Number of protein chains: 2
Amino acid sequence: MPQVEVCYTPQAYHLFHNDDAIVVVIDILRATSAITTAFYNGVSKMIPVATVEEAKALQEKGYMAAAERNGEMIEGFELGNSPFGYMNNKVKGKTIAISTTNGTQAIAAACNASEIVIGSFLNLDVLTEYLREQKRNVILLCAGWKNKFNLEDTLFAGAVADALINKEGFDVHCDSAIAAGHLYHLAKHDLFGFLSNSSHRNRLAKLDLERDIKYCLTPNQCPVIPVMRDGVLIKK
Amino acid sequence: MPQVEVCYTPQAYHLFHNDDAIVVVIDILRATSAITTAFYNGVSKMIPVATVEEAKALQEKGYMAAAERNGEMIEGFELGNSPFGYMNNKVKGKTIAISTTNGTQAIAAACNASEIVIGSFLNLDVLTEYLREQKRNVILLCAGWKNKFNLEDTLFAGAVADALINKEGFDVHCDSAIAAGHLYHLAKHDLFGFLSNSSHRNRLAKLDLERDIKYCLTPNQCPVIPVMRDGVLIKK
């Protein structure tokens, strides 16, 4: 039986890596929610890069570019990581370079994975269905916050883990997957309320981003699966 | 207000370290349960060391020595990390060197902390009371399993965090402390049952250690606080 594991931070990914697993990168607030939204709104390709300098260099080559640090868009870039920035005809058909505080770091940490897909509540059901069909080991990689555990990524990991384990017969021998599943069950009827004390929700609330948070926590609004091919994200 | 944080693995400790915090090292199955039991049963001092070779070297100098890897006592040592090994007149008044798979690694990770104390369900109430009185920041450091998150250490961290936050007014801005508190609330009426699917409980069950597990999950049997002074654990 395939196994499902949850890795809470990019720093710990090397302890989980195995050559055949599909890695789902998760940064709910907001990188992977923004990426899912971008592809649903017609973006052609995205180039995730770890540093702002790399994003700048690609911008100078003529790419549209997005950069965010600590919740805020960096000056000089067209986009940050607010999903609402990607609901726009300007992005249609474009290739966009993107660097964010945590999400693109998690993608970088998993660069040796045989397959990387992007997960968010926005594509929860199509992603789970895809993983079910592959019958391969799954590593749910949470971006966290600067290599610390965060709640919102864990809740999403719990939603996927729970669906695979309970309905699809995946095996679990991983305490972090068990814990994530428990936390998702506690939270699922009111994700927004459950996160009211969480560190990143408070960080974003200070930036007046409650609308972003509500959007990012509403499942299945963008049924697309972004997938990495040769260092570039495309729509599956 | 003092803050309480939970660090799930020794690998991540550097992200949490601050110079004035008290660090509680937690390895419920079984190192910190064994250490708490040892001091309750009259052991005088314990010297935690990261490697088996260091434990061997201290044994050759005449110390009583304990060593465990992957749940089993290492041949040639008097003790492993079963608490029952320390309920014995042989250990009274002795100084014991100890090296275990995870617990002594966590102690080593926190070596720069201003104060290290040992936590287990066996000393839950006296430890919480002590932390409350200090009015200092607290880092609850879980030993985990080979730098992966584990459930039993997290439940204990949740029990302490919850007591400090809800009854004693400590601040929490740490998602891992919030998550640990939620998990403890789910589990507290049947810790043994809650852990029935956990990875380490299954690992130990295969070694026929159910009696050890039940003992380690029963609160307040050993009201003592082991504390580190100059590299050596003593009873506070």
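In this predicted model, Arg30(A) sits in the loop that runs between strand S2 (22-26) and helix H1 (31-40) of chain A. The peptide bond leading from Leu29(A) into Arg30(A) is cis, with omega near 10 degrees. Chain B has a cis peptide bond joining Leu29(B) and Arg30(B), where omega is about 10 degrees. Arg30(B) lies in the loop between S2 and H1 of chain B. Most peptide bonds are trans, and most residues other than glycine have a negative phi.

**Helix H1 of chain B**

How much of helix H1 (residues 31-40) of chain B is buried? Nine of the 10 residues of this helix are buried, so H1(B) is largely enclosed by the rest of the structure. The buried residues are Ala31(B), Thr32(B), Ser33(B), Ala34(B), Ile35(B), Thr36(B), Thr37(B), Ala38(B) and Phe39(B). Just after H1(B) comes Gly42(B), with a positive phi of about 95 degrees.

**Positive phi values**

Positive phi values are also found at residues other than glycine. The table lists these together with Gly42(B).

| Residue | Phi | Place |
|---|---|---|
| Gly42(B) | about 95 degrees | just after H1(B) |
| Lys135(B) | about 55 degrees | just after H4(B) |
| Asp230(A) | about 55 degrees | loop between S9 (226-229) and S10 (232-235) of chain A |
| Asp230(B) | near 55 degrees | loop between S9 (226-229) and S10 (232-235) of chain B |

Is Asp230(A) buried or exposed? Asp230(A) has 5 other C-beta atoms within 10 Å and is therefore exposed; a residue counts as exposed if 12 or fewer such atoms lie within that distance. Asp230(B) is exposed as well, with 5 other C-beta atoms within 10 Å.

**Helix H4 in the two chains**

In chain B, helix H4 (residues 124-134) has Leu124(B), Leu127(B), Thr128(B) and Leu131(B) as its buried residues. These cover an arc of only 100 degrees around the axis, so they are on the same side of H4(B). Which elements do the buried residues of H4(B) pack against? Their partners in chain B are strand S2 (22-26), strand S7 (115-119), strand S8 (138-142) and helix H5 (151-168).

In chain A, the axes of helix H4 (residues 124-134) and helix H5 (residues 151-168) come within 10 Å and cross at roughly 45 degrees. That angle makes H4(A) oblique to H5(A). The crossing of H4(A) past H5(A) is right-handed. On the H4(A) side, the contact involves Leu124(A), Leu127(A), Thr128(A), Leu131(A) and Arg132(A). These meet Ala159(A), Val160(A), Ala163(A), Leu164(A) and Glu168(A) of H5(A). Sorted by class, the contact of H4(A) with H5(A) has seven nonpolar, one polar and two charged residues.

**Arg136 of chain A**

Arg136(A) belongs to the loop between H4 and strand S8 (138-142) of chain A. It has 14 C-beta neighbours inside 10 Å and therefore counts as partly exposed. Which residues does Arg136(A) contact, leaving aside its neighbours within four places in sequence? They are Pro2(A), Asp20(A), Ala21(A) and Ile22(A). Arg136(A) and Ile22(A) are 114 residues apart in sequence, yet their C-alpha atoms are 6.9 Å apart in space.

**Where the two chains meet**

Between the chains, 23 residues of chain A are in contact with 23 residues of chain B. On the side of chain A that touches chain B, the elements giving two or more residues are H5 and H6. H6(A) gives the most to that side, with seven residues. By class, the side of chain A that touches chain B has 10 nonpolar, 11 polar and two charged residues.

How do helix H6 (residues 175-187) of chain A and helix H6 (residues 175-187) of chain B lie relative to each other? Their axes come within 10 Å and cross at roughly 85 degrees. H6(A) and H6(B) are therefore roughly perpendicular to each other. H6(A) makes this contact through Ala179(A), His182(A), Leu183(A) and Leu186(A), and H6(B) through Ala179(B), His182(B), Leu183(B) and Leu186(B). By class, the contact of H6(A) with H6(B) has six nonpolar, two polar and no charged residues.

Definitions and conventions: Residues numbered from 1 in each chain as written. Chains lettered and ligands numbered in written order. Predicted model: local features only at pLDDT ≥ 70, side-chain atom pairs only at ≥ 80, totals over all residues. Axes fitted to C-alpha atoms, helices over the stretch in contact; angles between N-to-C directions. Helix = DSSP H or I, 4+ residues; strand = E, 2+ residues; numbered from the N terminus. Parallel < 35°, antiparallel > 145°, perpendicular 65-115°, else oblique. Contact = placed C-beta atoms within 7 Å. Nonpolar A, V, L, I, M, F, W, Y, C, P; charged D, E, K, R; others polar. Left-handed = near helix turned anticlockwise from the far one by under 90°. Buried ≥ 20, exposed ≤ 12 C-beta atoms within 10 Å, placed from the backbone. Arc of directions from axis to C-beta.
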